Amino acid sequence: SDHFEVEHSLNSRDFHVIGKVEAQGNSIEPSSYKLTHTNAQIGTNYYRLRMVDKDGTFEYSPIRRHG
């Protein structure tokens, strides 16, 4: 992995990037990452990760609902 982009949506369809976290590289040990969304809206917020590899390919995580 190269980095993770944290994406946010209010309707679970239209996402925008709210932050980027550099990956810690390959490891057999679990890694911990943190990003605080300081502008979350009242009500339901949806989030997903865009996991980007060093070659530019990417995958999305499942969408998570909060609120």
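**Exercise 1. Describe the exposed surface, burial and overall dimensions of the protein.**

The protein exposes about 5,100 Å², of which carbon and sulfur atoms supply 48%; these areas come from the Shrake-Rupley method with a 1.4 Å probe, and for residues only the protein chains shown count as cover. Everything here refers to a predicted model, in which local features need pLDDT of at least 70 and side-chain atom pairs count only at pLDDT 80 or more, while totals for chains, interfaces and linings use all residues. Residues are numbered from 1 along each chain as its sequence is written, and side-chain values use heavy atoms, with hydrogens and water left out.

For burial, the cut-offs are under 20% relative accessible area for buried, over 50% for exposed, and partly exposed in between, with a 1.4 Å probe and protein chains only. By these cut-offs, 27% of the 67 residues of the protein count as buried. The C-alpha trace spans about 35 × 20 × 15 Å along its principal axes.

Next come the contacts, where a contact means heavy atoms within 4.5 Å. Of the contacts between residues at least 6 apart in sequence, 39% join residues at least 24 apart.

The last step concerns charge, with Lys and Arg taken as positive, Asp and Glu as negative, and His and the chain ends not counted. Each charge is placed at NZ of Lys, CZ of Arg, CG of Asp or CD of Glu. The mean positions of the 8 positive and 9 negative charges are then 9 Å apart.

**Exercise 2. Work out how the strands pair, taking β3 as the point of reference.**

Begin with the elements: the protein has zero helices and five strands, in the order β-β-β-β-β from the N terminus on. Helices (H or I, at least four residues) and strands (E, at least two) are DSSP runs, numbered from the N terminus.

Now consider strand β3, residues 45-52, which is mostly covered, six of its eight residues being buried. Two strands pair if DSSP finds at least two bridges between them. Under that rule β3 pairs with β1 (residues 3-9) in the antiparallel sense over seven bridges. Three bridges join β3 to β5 (residues 64-66), again antiparallel, and three bridges join β3 to β4 (residues 58-60), which also run antiparallel.

Individual residues fix the register. Tyrosine 47 in β3 stands opposite histidine 8, and tyrosine 47 also stands opposite arginine 64 in β5. Arginine 50 has tyrosine 60 in β4 as its bridge partner.

Finally, follow β1 to its other neighbour: six bridges join β1 to β2, and these strands run antiparallel. Histidine 8 stands opposite histidine 16 in β2.

**Exercise 3. Locate the positive phi values in the two hairpins described here.**

As background, most residues other than glycine have a negative phi. In the hairpin of β1 and β2, which has six residues between the strands, serine 12 in the turn has a positive phi of about 65 degrees. Serine 12 is partly exposed, with a relative accessible area of 29%. In the hairpin of β3 and β4, with five residues between the strands, glycine 56 takes a positive phi near 90 degrees.

**Exercise 4. Identify the aromatic pairs and state what the pair of phenylalanine 4 and tyrosine 33 ties together.**

Rings of Phe, Tyr and Trp (its six-membered ring) pair if their centres lie within 6.5 Å, and planes under 30 degrees apart count as stacked, over 60 as edge-to-face and the rest as tilted. By this rule the count comes to two aromatic pairs. One of them, formed by phenylalanine 4 and tyrosine 33, is edge-to-face, with 5.0 Å centre to centre and 65 degrees between the planes. Because phenylalanine 4 lies in strand β1 and tyrosine 33 in the loop between β2 (16-22) and β3, this pair ties together parts that are 29 residues apart in sequence. Phenylalanine 4 counts as buried at 13% relative accessibility, whereas tyrosine 33 counts as partly exposed at 33%.

Phenylalanine 58 and tyrosine 60 likewise form an edge-to-face pair, 5.6 Å centre to centre with 80 degrees between the planes. Phenylalanine 58 is partly exposed, with a relative accessible area of 40%, and tyrosine 60 is partly exposed, with 38%.

**Exercise 5. Place isoleucine 42 in the structure and relate its position to valine 6.**

Isoleucine 42 sits in the loop between β2 and β3, and at 89% relative accessibility isoleucine 42 counts as exposed. From C-alpha to C-alpha, isoleucine 42 and valine 6 are 19 Å apart in space, while in sequence they are 36 residues apart.
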